[in-house]
Amino acid sequence: MPASANTPAFVIEAFKPAAALADCITDIWLWELPQHDAGSERPTLTLLPDGHPTLVLVYGDPLIASFGSRSITTRSAVCGFQLQPVQVSCAGRAAGITVRLRPWALPCFVPMPMPELVDCRVDLRDALQRQIVADLEHALAMLPTGLARVRRVEQFLMGLRRAAGAPALVEHAVRRLTHAQEMARIGVLARELGATERTLERHFQQAVGVGPKAFARVMRLQSVLAQSAGPQSWTERALDAGYFDQAHLIRECRALFDKVPSFLAQPPREVIARDFDALARQTALPAKLFL
């Protein structure tokens, strides 16, 4: 969309999904970042694992995503369950909409095996019909307002949505693991939900992409970071969450988020990351999504 005198240079807005999509989607974020100066360092946003897959619908320039030594460039993309941080940047003007799905909801929109999407971003053109995706990107670029773009995305998703959803077993397990005070024993959880551990594992991988233990690791770490502003010490938080001690918490945080907890508790240094971090807090998302 051509810039005008009334177009803000930097926009981040949060929307709640339409009622017909609320069982699958937690939030919809619209973001527009101006093209950086040629002589300046390209801003990078680090996304931390939070247990939620996303659909990223881009109407600006392509995004560059780096997973360790791997780097891929895509426009609109589907992003599965993360077990490691990913760095995202844009060589030009970054503009798009991020649809944050509930942990089990990606199969409702994307007909791909979920394990193939773990720690991965796949061009949406490779997951859906290419022309449909290209037409959506063009439509988003032409629409005059952020709200109009969000409504167009909701229309697209309602048309895309498949009738089949995740088994109730998976939804119940996700909710229990998300709100557990400490690391759940999967066998015990399965029995409480009326299933065998093997059945829970199979359905969970089909819907989420990973097993319940891997999901619980991410959510437990996020639960500790959510308490970082409280009066408790890191040792107390670690013990309350079921870690053996503070050293165990630090090792787990390094393994999953590549940082120590005290570093993650600090406000992000980059302006873009601070704005996204504030938006996450306003929409009651996990404690840490961005660096």
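The chain folds into eleven helices and ten strands. The model is a predicted one.

**Overall build**

How does the chain's radius of gyration fit with a compact globule of 291 residues? A compact globule of that length would have a value near 19 Å, and the chain has 19 Å, so the two agree. Along the principal axes, the C-alpha atoms fill a box of roughly 55 × 45 × 35 Å.

Buried residues account for 49% of the 291 residues. Contacts often span long stretches of sequence. Take the contacts between residues at least 6 apart: 71% of them join residues at least 24 apart.

The accessible surface comes to about 13600 Å². Carbon and sulfur atoms supply 53% of that surface. The chain carries 32 positive and 28 negative charges, and the mean positions of these two sets are 3 Å apart.

**Confidence**

The mean pLDDT of the chain is 87. A value of 70 or more is reached by 92% of the residues. Which elements mark the two ends of the confidence range? Strand β4 is highest, at 97. Helix α11 (residues 271-282) is lowest, at a mean of 77. Over residues 1-8 the pLDDT is below 50, and this stretch has seven contacts in the model beyond near neighbours in sequence. Where pLDDT is low, the predicted coordinates should not be read in detail.

**Five residues to look up**

The table lists where each residue sits and how accessible it is.

| Residue | Location | Relative accessible area |
|---|---|---|
| Pro212 | helix α7 (residues 212-225) | 0%, buried |
| Thr54 | strand β4 (residues 54-58) | 16%, buried |
| Thr74 | strand β6 (residues 70-74) | 6%, buried |
| Asp119 | loop between β9 (94-101) and β10 (121-123) | 14%, buried |
| Asp258 | loop between α9 (246-257) and α10 (261-264) | 54%, exposed |

Start with Pro212, in helix α7. Its relative accessible area is 0%, so Pro212 is buried. Which residues does Pro212 touch, leaving aside those up to four places away in sequence? They are Leu177, Ile186, Leu200, Glu201 and Phe204. Ala184 is 28 residues from Pro212 along the chain, and their C-alpha atoms are separated by 9.2 Å.

Next comes Thr54, in strand β4. Buried means under 20% relative accessible area. Thr54 has 16%, so it counts as buried. Beyond residues up to four places away in sequence, Thr54 touches Ala77, Val78 and Cys79, and also Thr98, Val99 and Arg100.

Thr74 lies in strand β6. Its accessibility is 6%, and Thr74 therefore counts as buried. Setting aside residues up to four places away, Thr74 touches Pro62, Leu63 and Asp123.

**Two aspartates with positive phi**

Asp119 has a phi near 50 degrees, a positive value in a residue other than glycine. Asp258 is another non-glycine residue with positive phi, near 65 degrees. Where do they sit? Asp119 is in the loop between β9 and β10. Asp258 is in the loop between α9 and α10.

Is Asp258 buried or exposed? Asp258 has a relative accessible area of 54%, so it is exposed. Asp119, at 14%, counts as buried.

Key
Residues are numbered from 1 along each chain as its sequence is written. This is a predicted model: local features need pLDDT of at least 70, side-chain atom pairs count only at pLDDT 80 or more; totals for chains, interfaces and linings use all residues. Side-chain values use heavy atoms; hydrogens and water are left out. Helices (H or I, at least four residues) and strands (E, at least two) are DSSP runs, numbered from the N terminus. The radius of gyration is taken over C-alpha atoms; the globule rule is 2.2 Å times the number of residues to the power 0.38. Buried means under 20% relative accessible area, exposed over 50%, partly exposed in between (1.4 Å probe, protein chains only). Contact means heavy atoms within 4.5 Å. Accessible areas come from the Shrake-Rupley method with a 1.4 Å probe; for residues, only the protein chains shown count as cover. Lys and Arg count as positive and Asp and Glu as negative; His and the chain ends are not counted. The place of a charge is taken as NZ of Lys, CZ of Arg, CG of Asp or CD of Glu. pLDDT is the predictor's confidence in each residue, from 0 to 100.
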